[in-house]
Amino acid sequence: MIRLENLVKVYSTGKIEFEALREVNLEVKKGEYISIVGPSGSGKSTLMNILGCLDRPTKGKYFLKDVDVSSLSDDELARIRNREIGFVFQAFNLLPRLSALENVELPLIYAGISYSKRIKMAKEALDKVGLSDRLHHKPNELSGGQKQRVAIARAIVLNPSIIMADEPTGNLDTQSSIEVMKIFQSLNDEGATIIMVTHERDIAQHTKREVRIRDGRIVEDKLVQNRVVY
Ligand code: ADP
Ligand code: ADP
């Protein structure tokens with residue numbers, strides 16, 4: 001599904017160059033459930049931005065389903081991103097004036113899908129995250145865990161190849177975190193490939209593989225032992 005080969009990312013600000021990723025090699029197979037962990041500033045966001053086709057590497061190669069993403073134009077990158085990647089963010093990033101259903105419909109509108117098909121697909125996605133009874137609620141009428149589940153429904157509604165989640169439980173209390181991690185687990189059980197950035201050890205314990213990054217390098221890549229399953 002994903003292959004990174006000697007990936008380097010250099011940020012240049014004026015004359016100053018900073019190597020945020022240094023010769024990263026990583027392979028992710030379909031159906032994996034991975035956490036990327038590491039201290040602040042270690043390069044997690046940079047790696048996610050590249051994996052999510054939001055940014056390009058400075059050197060090295062990124063193959064996504066055997067397409068060399070590193071060489072694509074901005075338009076091609078956007079197209080592959082919209083088709084292949086579903087994003088979940090720490091701050092939910094829902095539009096406050098829209099209902100749950102309308103928030104989930106948005107990517108379908110951008111994809112040019114007809115109204116009746118959109119409603120059907122959005123309802124199915126909300127059903128998968130257990131929110132069939134909250135279709136017409138606005139974000140401020142939902143709990144933190146419910147908001148994040150709407151965001152997950154939005155991320156999966158176009159059936160992406162990969163779900164990328166950046167600190168998805170960072171704004172949630174323990175109970176809501178459990179709610180959200182159960183959803184990720186059930187999506188992975190159904191075959192979804194999930195890559196999750198997290199600071200929290202117990203969140204990483206729910207995933208199947210832990211990739212530890214430090215100073216722009218992968219320093220550990222291991223199967224999660226004693227995985228926590230609800
Ligand atoms: P993390 O997500 O692990 O906190 P980041 O990927 O955000 O780490 O950042 C890795 C390093 O790259 C940090 O030292 C950060 O300051 C630097 N960095 C990130 N983005 C930029 C940028 N746009 N320009 C310059 N330096 C950056
Ligand atoms: P995170 O909370 O994920 O670690 P950061 O606070 O490190 O994120 O960075 C937030 C945003 O700011 C990122 O998009 C990153 O690219 C950018 N950024 C981080 N460090 C720098 C920097 N030194 N110069 C410019 N942009 C930066």
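These entries record what I looked up on two loop residues and one helix in a predicted model.

**Entry 1: lysine 65.** I looked up the backbone of lysine 65 and found a phi near 50 degrees, a positive value in a residue other than glycine. I then placed the residue: lysine 65 sits in the loop that runs between strand E4 (59-64) and strand E5 (67-68). I also checked its accessibility. Lysine 65 has 44% relative accessibility and therefore counts as partly exposed, since that class lies between the cut-offs of 20% and 50%.

**Entry 2: asparagine 93.** I noted a positive phi here too, of about 55 degrees, although asparagine 93 is not a glycine. The residue belongs to the loop between strand E6 (85-88) and helix H3 (100-110). Its relative accessible area is 40%, so I recorded asparagine 93 as partly exposed.

**Entry 3: helix H2.** Which residues of helix H2 (residues 74-84) are buried? I found Leu77, Ile80 and Glu84. I next asked where these three lie around the axis. They cover an arc of only 70 degrees, which means that they are on the same side of H2.

I then turned to the opposite face. The face of H2 turned away from the buried side carries Asp74, Asp75, Arg79, Asn82 and Arg83, which are exposed.

Lastly, I looked up what the buried residues of H2 pack against, and I recorded four strands: E4, E5, E6 and strand E7 (162-166). Two of these, E4 and E5, are the strands on either side of the loop that holds lysine 65, and E6 is the strand at one end of the loop that holds asparagine 93.

Key:
Residues numbered from 1 in each chain as written. Chains lettered and ligands numbered in written order. Predicted model: local features only at pLDDT ≥ 70, side-chain atom pairs only at ≥ 80, totals over all residues. Heavy atoms only, no water. Helix = DSSP H or I, 4+ residues; strand = E, 2+ residues; numbered from the N terminus. Buried < 20%, exposed > 50% of the residue type's maximum accessible area, 1.4 Å probe, protein only. Arc of directions from axis to C-beta. Contact = heavy atoms within 4.5 Å.
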